[in-house]
Amino acid sequence: MNRRLAQGFDGASAPVEAASVTAVIALGSNLGDRGALLDEAAADLARLPLTANVRVAPVMETVAVRPDGPDPDAPRYLNTVALVDTRLAPSVLLEFLHRIEADHGRRRRERWGDRTLDLDLIAHGDVRSTTPTLVLPHPRAAERDFVLRPWLALDADAVLPGVGRVADLLEALS
């Protein structure tokens, strides 16, 4: 891996080490062996370079959500959240997440369609981004019980940057 992916330069010849941050990754699957796919994806996260301390919340089963709302006729999802400590830049981490999805059969044909594996970068430390390829924090995270509930199970003090405490957001959904 190119060292510049996780390091910056201060103008001198010596590289400056990037600080480790906690990234929040939502995992979901509603096609194939859903549980095995989530387990394999978590193992893939643990093998990422410059990434350590992967913690995965208990899995929950949820109804599929489409652009027009819940779809009880679609295959149900298994969802969880992983917290990882990483020195990867958010854009680089997102590229790795897309590669893991593809390696597990994800095909991007239909927005919000059924999928073998869905990995969403929810937050990357306190980074805020609104580029065409990366929006952080994830724009719909505060509306999703299947993101907030497992995240709260891992971190009772969790905060969605710029939005609020995860416990408060989850309570507001009730």
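**Salt bridges, helix faces and cores in a predicted model**

R55 counts as partly exposed, because its relative accessibility is 24% and the buried class ends under 20%. That value, like the others here, is computed from a predicted model. R55 lies in strand β4, which covers residues 51-56. Its side chain forms a salt bridge with D85, with 3.5 Å between the closest N and O atoms. D85 belongs to strand β8 (residues 77-86), so this pair links distant parts of the chain, 30 residues apart.

The salt bridge of R55 and D85 can be set beside the total for the whole structure, where a search finds nine salt bridges. Another of them joins the side chains of E61 and R34, at 3.0 Å from N to O. Here too distant parts of the chain are linked: E61 sits in strand β5 (residues 60-62) and R34 in helix α1 (residues 34-46), 27 residues apart. E61 also forms a salt bridge with R76, and in this pair the closest N and O atoms are 3.7 Å apart. R76 is in the loop between β7 (69-71) and β8, whereas E61 is in β5, so the pair ties together parts that are 15 residues apart in sequence. R34, E61 and R76 are thus linked in a network of salt bridges. How accessible are its members E61 and R76? E61 has a relative accessible area of 42% and is partly exposed. R76, at 39% relative accessibility, counts as partly exposed.

R34 leads to helix α1, which covers residues 34-46. The length of this helix can be checked against its residue count. At 1.5 Å a residue, the 13 residues of α1 should span 18 Å, and the end C-alpha atoms are 19 Å apart, which agrees. Which residues of α1 are buried? They are L37, L38, A41, A42, D44 and L45. These residues cover an arc of only 160° around the axis, so they lie on the same side of α1. The spacing has a general background: an α-helix has 3.6 residues a turn, so residues three or four places apart point the same way. The elements that the buried residues of α1 pack against are β3, β4, β8, α2 (90-103) and β9.

Two of these elements, β3 and β9, are themselves paired. Strand β3 (residues 21-29) runs antiparallel to β9, and the pairing extends over six bridges. One bridge partner in β9 is D118, which is matched with G28. Is β9 mostly covered or mostly open? Strand β9 (residues 118-124) is mostly covered, with seven of its seven residues buried.

H124 lies in this strand. Its relative accessibility is 5%, so H124 counts as buried. Beyond its neighbours within four places in sequence, H124 is in contact with V21, T22, A23, T86, L88, A89, P90, L93 and L136. P161 is 37 residues from H124 in sequence, and the C-alpha atoms of the two are 9.0 Å apart in space.

Several of the elements above come together in the largest nonpolar core, which has 22 residues. Nonpolar side chains tend to be buried together in soluble globular proteins. Within this core, I25, L27, L45, L93, L119 and L121 touch the most other members. At least two residues each come from β3, α1, β8, α2 and β9. The most is given by α2, with six residues. What does L27 touch outside its neighbours within four places in sequence? L27 is in contact with L38, A41, A42, L45, L78, N79, T80, V81, A82, D118 and L119. Among these contacts, L38, A41, A42 and L45 are buried residues of α1. A second core, separate from this one, has 17 residues, including L83, V147, A158 and L160.

Helix α4 (residues 166-173) offers another case of a helix with buried residues, namely V166, L169 and L170. Seen down the axis of α4, these fall within an arc of 100°, so they line one face of the helix. On the other side of α4, E171 and A172 are exposed. The buried residues of α4 pack against α3 (145-154), β12 (159-160) and β13 (164-165).

Definitions and conventions:
Residues are numbered from 1 along each chain as its sequence is written. This is a predicted model: local features need pLDDT of at least 70, side-chain atom pairs count only at pLDDT 80 or more; totals for chains, interfaces and linings use all residues. Side-chain values use heavy atoms; hydrogens and water are left out. Buried means under 20% relative accessible area, exposed over 50%, partly exposed in between (1.4 Å probe, protein chains only). Helices (H or I, at least four residues) and strands (E, at least two) are DSSP runs, numbered from the N terminus. Two strands pair if DSSP finds at least two bridges between them. A salt bridge is a side-chain nitrogen of Lys or Arg within 4 Å of a carboxyl oxygen of Asp or Glu. The expected span of a helix is 1.5 Å times one less than its number of residues. The arc is that of the directions from the helix axis to the C-beta atoms. Contact means heavy atoms within 4.5 Å. A nonpolar core is a set of buried Ala, Val, Leu, Ile, Met, Phe, Trp, Tyr and Cys residues joined through side-chain atoms within 4.5 Å.
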